[in-house]
Amino acid sequence: METELDNTFLATQYGNQAKVMTVEAIASLGYRINEQFSIGGGVRFVTGEGHFGASMPVSGADLKYMEGKDSSWGYQIGAAWQINPNNRIGLAYKSKVTMDFEGDASGLLVPNQSIGGTLSVPLPATLELSSFHQLTDKWAVHGSINWTQWSDFDKLVAEYDNGMSDHIKGEYWKDNYRFALGTTYSLSKKVTLRGGIAYDMSAVDDKYRTTTIPETDRTWLSAGASYAFTDQFSMDAGLTYIMARKAPIVEPRDSHDQAASVFGDFTGEISGDVWIAGVQANYRF
């Protein structure tokens, strides 16, 4: 279950469906002021597509369905403080990017059952404070605190080309935090081992959780390793296990939610486990 809207989110359950996929390119530049302080910044270009909808549970007929594409711009800035050779602190900020997905809407609850329109989805701003501490020649620890401005994800409203608007669903998310702690151990000149744990707080209260995006608290457990084949070429591999907390869902809980009023009441729990694996090759010129 991934709820980072600037990567991908996908949920389909009880006739509700939502999907956003984005690709981001960043051009950045850094400047070292002196031996202790460095700054940097960059321009972000985000392009993507998404669809949102609800269908009848038996016939599968669309009550509402909207899909569209958009591209938008944002920025990021950061700074680093090298306190001494063994300790440093960094601060990074990524701006909010609003994706105005422009396309077509259709379905039984859409004016004339087919019309052009726009649906705005915010990719929230983030702020992260991180630190690195080299305790011995072989062992280091690092940590971070991340804030995400999910309160911008308040509701989904479609704006149709005929001037009408349609409140699709209230989300009522709130800002959230992620706390992470990790360690790095140099086993040899060629092999480096890594591990870490993180706690990601839910961006939605229990009373506002939905089957469309069943957001909840998560604990991340990660392990990885690097192998240096030469001074220029190395490879990294990592594995992450995400445990989602069991949390209640009660719908409908929004008087404006037309799809929920059609499907009736739903009471249940959300939980889940996710595995993420990654491999990366590095070459230094």
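Is R209 buried or exposed? In this predicted model, R209 is buried, with a relative accessible area of 0%. The surroundings of this residue are taken up below, after an account of the chain as a whole.

The protein chain contains one helix and 16 strands. Of its 285 residues, 35% count as buried. The accessible surface of the chain comes to about 15,800 Å², and carbon and sulfur atoms account for 57% of that surface. Among the contacts in the chain with a separation of 6 or more, 61% are made by residues 24 or more positions apart.

Salt bridges were examined next. A search of the whole structure finds eleven of them. One of these involves R209, whose partner is D206; the closest N and O atoms of the two residues are 3.0 Å apart. The two partners differ in their exposure to the surroundings: D206 has a relative accessibility of 39% and counts as partly exposed, whereas R209, at 0%, is buried because buried means under 20% relative accessible area. The pair also belongs to a network of salt bridges, in which D206 and R209 are linked with D217 and R245.

A further salt bridge joins the side chains of E24 and R44, with a distance of 2.7 Å from N to O. This pair links distant parts of the chain, for E24 is in strand β2 (residues 16–32) and R44 is in strand β3 (residues 37–55), 20 residues apart. Here, too, one partner is buried and the other is not: R44 has a relative accessible area of 2% and is buried, while E24 is partly exposed with a value of 28%.

The side chains of E128 and R178 also meet in a salt bridge, with a distance of 3.9 Å from N to O. E128 lies in strand β8 (residues 126–134) and R178 in strand β12 (residues 176–186), so the pair ties together parts of the chain that are 50 residues apart in sequence. In this pair E128 counts as partly exposed, at 25% relative accessibility, and R178 is likewise partly exposed, with a relative accessible area of 22%.

Charged residues were also considered as groups on the surface. A patch of negative charge is formed there by E49, E67, D100, E102, D104 and D161. Strand β6 (residues 97–106) provides the largest share of the patch, three residues. Another member, E67, is found in strand β4 (residues 62–84). The relative accessible area of E67 is 42%, which means that this residue is partly exposed. Membership of a patch requires over 30% relative accessible area, so E67 satisfies that condition.

Strand β4 also holds S71. This residue counts as partly exposed, at 36% relative accessibility. When neighbours within four places in sequence are left aside, S71 is in contact with F45, V46, T47 and M99. S71 can also be placed relative to F101: these residues are 30 residues apart along the chain, and their C-alpha atoms are separated by 8.5 Å.

Strand β12, which contributes R178 to the salt bridge with E128, also contains T184. At 14% relative accessibility, T184 counts as buried. Its contacts, leaving aside neighbours within four places in sequence, are with K138, W139, A140, H142, T192, L193 and R194. For one of these partners, R194, the separation from T184 is ten residues in sequence and 4.6 Å in space, C-alpha to C-alpha.

The loop between β11 (165–170) and β12 contains Y172. Most residues other than glycine have a negative phi. Y172, by contrast, has a positive phi of about 55 degrees although it is not a glycine. The relative accessibility of Y172 is 27%, and the residue therefore counts as partly exposed.

Key. Residues numbered from 1 in each chain as written. Predicted model: local features only at pLDDT ≥ 70, side-chain atom pairs only at ≥ 80, totals over all residues. Heavy atoms only, no water. Patch = residues over 30% accessible without salt bridge, like charges linked within 9 Å, V, L, I, M, F, W, Y side chains within 5 Å. Areas by Shrake-Rupley, 256 points an atom, 1.4 Å probe, with all protein chains shown as cover. Salt bridge = Lys/Arg side-chain N within 4 Å of Asp/Glu carboxyl O. Lys, Arg positive; Asp, Glu negative; His and termini not counted. Charge placed at Lys NZ, Arg CZ, Asp CG, Glu CD. Helix = DSSP H or I, 4+ residues; strand = E, 2+ residues; numbered from the N terminus. Buried < 20%, exposed > 50% of the residue type's maximum accessible area, 1.4 Å probe, protein only. Contact = heavy atoms within 4.5 Å.
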